[in-house]
Amino acid sequence: MECVSLLAMLGILSLEDLHEKKIRSFEILAFGILGLLFHLIFKRLSIENLVGGLLIGVGLLLIGWLSREQIGYGDGLLFLVTGIFLGFWNNMILLWSAAILMGLASIFLYLTGKIGRKERVPFIPFVLMAYVLLLFWKGGSLSV
């Protein structure tokens, strides 16, 4: 159920990010509450692992604030929620994988003239792609 919830959240937010170039906090909050409920029921993560996963989102929010939103607050909120579902290491792997995918795609799009140097590329679709790839790599489960 956690995997399906995370896929649904990333799918919904990816579409919103692609079409609106921003995401609403309501969806992230709703999935965050769902993630906390799953945690309270199943207790898959230790408190340390859960807090570590949340700290990745806090770090992104801080970087977003320091950089005047070069990294959007929505991305930081998203990684707060994925941290609830995935814990520290899987959330870190997700962040790095998505960043690598986005970097490669951005280079390709820039070299082919599809985007300019300063144009923003939606990040959440790459988080979804990274999550799907990680699920396949780990055999359908991102266990802690």
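Me: What makes Ile124, Pro125, Phe126, Val127, Ala130, Tyr131, Leu134 and Leu135 the buried residues of α5?

Reply: Buried means under 20% relative accessible area, against over 50% for exposed and in between for partly exposed, with a 1.4 Å probe and protein chains only. In α5, these eight names meet that cut-off: Ile124, Pro125, Phe126, Val127, Ala130, Tyr131, Leu134 and Leu135. This is a predicted model, in which local features need pLDDT of at least 70, side-chain atom pairs count only at pLDDT 80 or more, and totals for chains, interfaces and linings use all residues. Numbering runs from 1 along each chain as its sequence is written, and side-chain values use heavy atoms, without hydrogens and water.

Me: What covers the buried residues of α5?

Reply: The cover includes α1 (2-20) and α4 (73-111). Helices are DSSP runs (H or I, at least four residues), numbered from the N terminus.

Me: How do you know that the span of α5 agrees with its 14 residues?

Reply: The expected span is 1.5 Å times one less than the number of residues. For residues 124-137 that should be 20 Å, and the end C-alpha atoms are 20 Å apart, so the two agree. Just after α5, Gly139 has a positive phi of about 75 degrees.

Me: Which residues touch the most other members of the largest nonpolar core?

Reply: A nonpolar core joins buried Ala, Val, Leu, Ile, Met, Phe, Trp, Tyr and Cys through side-chain atoms within 4.5 Å. Among the 28 residues here, they are Met9, Leu10, Leu78, Phe79, Leu94 and Val127. Two or more residues come from each of α1, α2 (25-42), α3 (47-66), α4 and α5, and α4 gives the most, eight.

Terms used
Contact means heavy atoms within 4.5 Å.
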